[in-house]
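Q: Please take a close look at a single part of this protein and describe its surroundings carefully. I would then like to see how the description connects to other parts of the chain.

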Amino acid sequence: MTEPRLPTGLPARRAALDLLAAALSRRAGLEDDASASGLEGLEPRDRAFARRLVLTALRRLGPLDRALDARIARPPPEIVRNILRLGAVQALVLGAPPHAAVSASVDLAESLPAARRFKGLVNAVLRGLIREPPDLADPQALAPSWLLARWSAAWGRPAALAIASVIAAEPETDLTLKDDPGALAGALELTRVAADTWRTARRGEVSAWEGFAEGRWWVQDASAAIPARLLNPRPGLTALDLCAAPGGKTLQLASAGAVVTALDRSPARLRRLRENLERTGLAAEIIAADAGSWDDGRTFDAVLLDAPCSATGTFRRNPDVLWAVKPGEIAALAGAQARLLDAAARRVRPGGRLVYGVCSLETEEGEAQVAGFLKRCADFTLDPIAAGEGGSPVESRREDGTLRILPTHRPGGTDGFFVARFARRPNRRARRDLAQSAAAAKSGA
């Protein structure tokens, strides 16, 4: 039996429903279009609508659910709650005509056997929300309560609420450019953020933007671009990028002339890195392996570890992370990060540098890692980062020279990040060679 013809606009909403369910159930992240069964078959405009609809719902999920709970006596099936979430943000946030948002949501419920008998509830609840609109930007509800409590403990309640207030805002797009933007500055309406990072108000599918096909830039948040710069990449420097995919930091290092080895355990993610290298005309050695058990005896001048983490700092672009991560997972992630740090340290040649970063707002994954690492690895010292170095926000520098970048540290927002830089002490032979070189230079003078 063939499926009945759907009313106009319904395929995009059904795809959005699939995408929202996948994100909240952790079947897939928002960057994975395959998580929505009908997304790939949509026209570009409908595809963009579906993704924007889901992102908007996730950015307002806390206050949205609070408003729904106040109007529903018994929790409906999750598919019905998702229909209500999508319908509410269409009418209350995205500016759809109220009657159209309600009608489309009722049609969506009617088209799905699991939701059909709840179409009356969908109609009544959405009309009630439209009559008495709730505050969907309340910072006290935008983040899960347990996360807001953690941020309050770390930086105080006012700072935590300021961070939470960023969640509801749709971010602009940050780009890293290979060279001077020239005419691209006008074509993409770019404003400079820091160093080679530029920001545009454009959003959505980037492949059709000026300069993309020619490989003149890649998408990379301003915070994510800082760690690679802290290694002072230059021609001839040997650099290892651990957990490298999708490759923004590899591209930065290669663009500066470094001899780069990029390692990641995910072959699928490495395909994206290869595509980015090919598009930009840059080169790097690519290895599919686990960083903790990689069987290779080489050491490098510079090692960059952007470790897997809770990713709570990326909520501006990936609001699903706030609702996907669970409290018990952070300790497990911190343990994995410590093991990866130790593995990364073994790859640093004497006299070389190691930069550790996580796109997390959780102190166990950032600040706490520094003390533990220095206790375990006595031949490393903390190499303090100067205020503003690498394009970092001045206010992000901590007293010990590490960086704690909060989403409020740039106008318009930025990813939350922690970054620390370590130096490996030269061995005895290296110290002797350095002393001999210094003496020779002095006698020659």
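A: **A close look at one residue**

Leaving aside residues up to four places away in sequence, Leu253 touches Ala228, Pro233, Ala239, Asp241, Ala258, Val260 and Leu304. This description rests on a predicted model. Leu253 belongs to helix H12, which spans residues 248-255. The relative accessible area of Leu253 is 0%, so the residue counts as buried. A further relation can be read from the backbone: Leu253 and Thr238 are separated by 15 residues in sequence, and their C-alpha atoms are 9.6 Å apart in space.

The loop that lies between strand E5 (238-242) and H12 contains Pro246. The peptide bond leading from Ala245 to Pro246 is cis, with an omega near 5 degrees. On the other side of E5, the loop between helix H11 (226-229) and E5 holds Asn232. Asn232 is not a glycine, yet its phi is positive, at about 50 degrees. With 43% relative accessibility, Asn232 counts as partly exposed. A positive phi is also found at Ala195, a residue other than glycine, where the value is near 45 degrees. Ala195 sits in the loop between strand E2 (191-194) and strand E3 (197-200). Its relative accessible area is 38%, so Ala195 is partly exposed.

The cysteines may be considered next. A search of the whole structure finds 0 disulfides. Cys243 takes part in none, and the nearest cysteine sulfur, which belongs to Cys309, is 10 Å away. Cys243 has a relative accessible area of 18% and is therefore buried. Cys309 is likewise in no disulfide; its nearest cysteine sulfur is that of Cys359, at 3.6 Å. A pair of sulfur atoms must lie within 2.5 Å to be counted, so the cut-off is not met there. Cys309 is buried as well, with a relative accessible area of 16%.

A helix elsewhere in the chain shows how burial can be arranged around an axis. In helix H9 (residues 157-166), the buried residues are Ala160, Ile163, Ala164 and Val166. They lie on the same side of H9, because they cover an arc of only 150 degrees around the axis. Helix H7 (139-142) and helix H8 (145-155) are among the parts that cover these buried residues.

Val166, one of the buried residues of H9, has a relative accessibility of 15%. Apart from its neighbours within four places in sequence, Val166 is in contact with Phe315, Arg316, Pro407 and Thr408. Val166 and Leu19 are 147 residues apart in sequence, and the distance between their C-alpha atoms is 23 Å.

His409 lies in the loop between strand E11 (403-405) and strand E12 (417-424). With a relative accessible area of 14%, His409 is buried. Not counting residues up to four places away in sequence, His409 touches Pro393, Glu395, Ser396 and Arg404.

The packing of helices completes the picture. Helix H1 (residues 10-24) and helix H4 (residues 78-92) have axes that come within 10 Å and cross at roughly 115 degrees. This crossing of H1 and H4 is right-handed. On the H1 side, the contact is made by Arg13, Ala16, Leu17, Leu20, Ala21 and Leu24. On the H4 side, Ile79, Asn82, Ile83, Arg85, Leu86 and Gln90 take part.

H4 also packs against helix H6 (residues 119-131), at an angle of about 35 degrees and with the axes 10 Å apart. H4 passes H6 in a right-handed crossing. Here Val80, Ile83, Leu84, Gly87, Ala88, Ala91 and Leu92 of H4 meet Leu121, Val122, Val125, Leu126, Leu129 and Ile130 of H6. Ile83 of H4 thus appears in the contact with H1 and in the contact with H6.

Finally, the confidence of the prediction should be kept in mind. The mean pLDDT of the protein is 91, and 91% of its residues reach 70 or more. Over residues 1-7 the pLDDT is below 50, and this stretch has 5 contacts in the model beyond near neighbours in sequence. Residues 430-438 also have a pLDDT below 50; counted in that way, this stretch has 2 contacts.

How values were computed. Residues numbered from 1 in each chain as written. Predicted model: local features only at pLDDT ≥ 70, side-chain atom pairs only at ≥ 80, totals over all residues. Heavy atoms only, no water. pLDDT = per-residue confidence, 0-100. Contact = heavy atoms within 4.5 Å. Buried < 20%, exposed > 50% of the residue type's maximum accessible area, 1.4 Å probe, protein only. Helix = DSSP H or I, 4+ residues; strand = E, 2+ residues; numbered from the N terminus. Arc of directions from axis to C-beta. Axes fitted to C-alpha atoms, helices over the stretch in contact; angles between N-to-C directions. Left-handed = near helix turned anticlockwise from the far one by under 90°.
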